Amino acid sequence: MHDEAALDVVRAEPLCAETPVRLLTAPITPAPSVYVRSNFALAGLDSAHVIDIGGAVRAPFTVSLPDIAALPQRHVTVTMECAGNGRLGMDPLPTGEPWRYGAVSTTTWSGVSLRTLLERAGLAPDVVEILGIGADAGPRDDADGEVRFARSLPIADAMHPDTLVATHMAGEPLSYDHGAPVRLIVPGWYGMASVKWLARLEAITTPFTGYFQQQRYVYEVDGVVEPVRRARVKSMITSPIDGGSCGRAVLVQGWAWSGSGPIARVELAVNDAPIWIEAALGTPVSAYAWTPFEAELVLPDAGAATIRSRATDMAGNTQPERIPWNRLGYGNNGIRTVAVMVTDERR
């Protein structure tokens, strides 16, 4: 189970908890502090658990944990973000868990490529998506009966070699909070695609329209609904911290990431100045991990000041000043302001 001292709990049951701000400075998030998102009570699975693989396939089968362990293993370091991260920064406040800005973490996942299992099953030529179904379920206020967690992936994403059926995180077997004994890991997508407590993989020939594809984890704007998919380009200043203090000459550091490709640039601005200063980019620890950035800035005279960061990815996506408001508060990648108190260094 989780270590409460290592997480900032947003909701206790079922557990939703953020990575503490002080730990967001590390390239790899300490394992006890990787953020947790749960929609239902934990599924009661054990080492005898098997995954059913079926649907529109030539040879449906079940796979056990020993079966997975015997297959070629892959290790993928991923920055994963909850789609609701930053919800408290939206106005008016949407419905949903009150996430601040710590529902994002970077860690290494290990397991077998989903592609390996799908190739063994043999997909029918008219398959369009792979549906991942979790063992967790429960009632919802806006649905009849019990709802099971399930999300689908387009074939191209499901067949990518780095989409994993994972059994380990940070070199250790998955904890229950992180989906033990087995879950999906889908680099580049918001966390809802990485289905925890994986119970079934189903090849389907028409797009999935289940609850968590059409009623939750969707952008709903002016009555138009679109499923949440890849993580939007985003940046986060980790030093100086929001609400902290610093001298006029300050080294600004942080992270930028995107589900649509590498980071091309990060720019910084002070107060409401229209001038953006380009930061230096470091090297991410993997193709799917956040990119470090830093820049030396000189802030105005002693007093309150703000610093903003704006990231652009190689696909040409740039963080907006504000995102279009959506009813459920997903995908907030609007430029975030960090407020600091500038001290007079001459004293």
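This report walks through a few strands, cores, rings and single residues of a predicted model.

## Strand E10 and its partners

Let's start with strand E10, which covers residues 164-169. Five of its six residues are buried, so E10 is largely enclosed by the rest of the structure.

E10 pairs with several other strands, one of them being strand E7 (residues 104-113), which runs antiparallel to E10 and is joined to it by five bridges. Within that pairing, Ser 113 has Leu 164 of E10 as its bridge partner. Leu 164 turns up again in the pairing with strand E12, where its bridge partner is Ile 185. E12 (residues 183-185) is antiparallel to E10 too, with three bridges between them.

Then there's strand E11 (residues 172-173), also antiparallel to E10 and held by two bridges. Here Met 169 is matched with Glu 172 of E11. E10 and E11 make a hairpin with two residues between the strands, and Ala 170 takes a positive phi near 55° in that hairpin.

## Two nonpolar cores

Which residues have the most contacts inside the largest nonpolar core? They are Ile 51, Val 165, Met 192 and Leu 201, in a core of 44 residues. Quite a few elements give two or more residues to this core, including strand E4 (50-55), helix H1 (65-70), strand E9 and strand E13 (198-204). Helix H2 gives the largest share, at four residues. As a rule for soluble globular proteins, nonpolar side chains tend to be buried together.

Val 165 is worth a closer look. Not counting residues up to four places away in sequence, its contacts include Ile 51, Ile 68, Val 112, Leu 117, Leu 184 and Leu 201. Apart from the 44-residue core lies another one, of 21 residues, with Leu 268, Ala 279, Val 340 and Val 342 among them.

## An open four-stranded sheet

Further along the chain, four strands form an open, antiparallel sheet, in the order E16-E18-E22-E21. Its edges are strand E16 (234-239) and strand E21 (280-281), each of which pairs on one side only.

Strand E18 (residues 249-257) and strand E22 (residues 291-298) are antiparallel neighbours, joined by eight bridges. One of the matches across this pair puts Gly 254 opposite Phe 293 of E22.

## Aromatic rings

How many aromatic pairs does the whole structure have? The count comes to nine. In one of them, Phe 149 and Tyr 217 have ring centres 6.2 Å apart and planes at 80°, so the pair is edge-to-face. Phe 149 sits in strand E9 and Tyr 217 in the loop between H4 and E14, so this pair ties together parts that are 68 residues apart in sequence. Phe 149 and Tyr 217 are both buried.

These two rings also belong to a cluster linked by ring pairs, whose members are Phe 40, Phe 149, Tyr 211, Phe 212, Tyr 217 and Tyr 330.

## Asp 142 and its polar contacts

Tyr 211 from that ring cluster also meets Asp 142, through a side-chain polar contact of 2.6 Å. Asp 142 has a second polar contact, side chain to side chain with Arg 216, at 3.2 Å. Setting aside neighbours within four places in sequence, Asp 142 is in contact with Tyr 211, Gln 215 and Arg 216.

As for location, Asp 142 is in the loop between strand E8 (129-139) and strand E9 (146-154). Buried, exposed or in between: where does Asp 142 fall? It's partly exposed, with a relative accessible area of 36%. Val 104 is 38 residues from Asp 142 in sequence, and their C-alpha atoms are 28 Å apart.

## Thr 312

Thr 312 belongs to strand E23 (residues 303-313). Its relative accessible area is 4%, so Thr 312 counts as buried. Leaving out neighbours within four places in sequence, Thr 312 touches Val 233, Ile 263, Ala 264, Arg 265, Asn 317 and Thr 318.

## Cysteines without a bond

There are zero disulfides in this structure. For Cys 16, the nearest cysteine sulfur is that of Cys 82, 7.5 Å away. Why is there no bond from Cys 82 to Cys 16? Their sulfurs are 7.5 Å apart, which is too far, because a disulfide needs the two sulfur atoms within 2.5 Å.

Both cysteines are tucked away by the numbers: Cys 16 is buried at 0% relative accessibility, and Cys 82 is buried at 5%.

Terms used. Residues numbered from 1 in each chain as written. Predicted model: local features only at pLDDT ≥ 70, side-chain atom pairs only at ≥ 80, totals over all residues. Heavy atoms only, no water. Buried < 20%, exposed > 50% of the residue type's maximum accessible area, 1.4 Å probe, protein only. Contact = heavy atoms within 4.5 Å. Polar contact = N/O pair within 3.5 Å; in protein donor to acceptor, adjacent residues only side chain to side chain. Pairing = 2+ DSSP bridges. Core = buried A, V, L, I, M, F, W, Y, C linked by side-chain atoms within 4.5 Å. Phe/Tyr/Trp six-rings, centres within 6.5 Å; stacked < 30°, edge-to-face > 60°.
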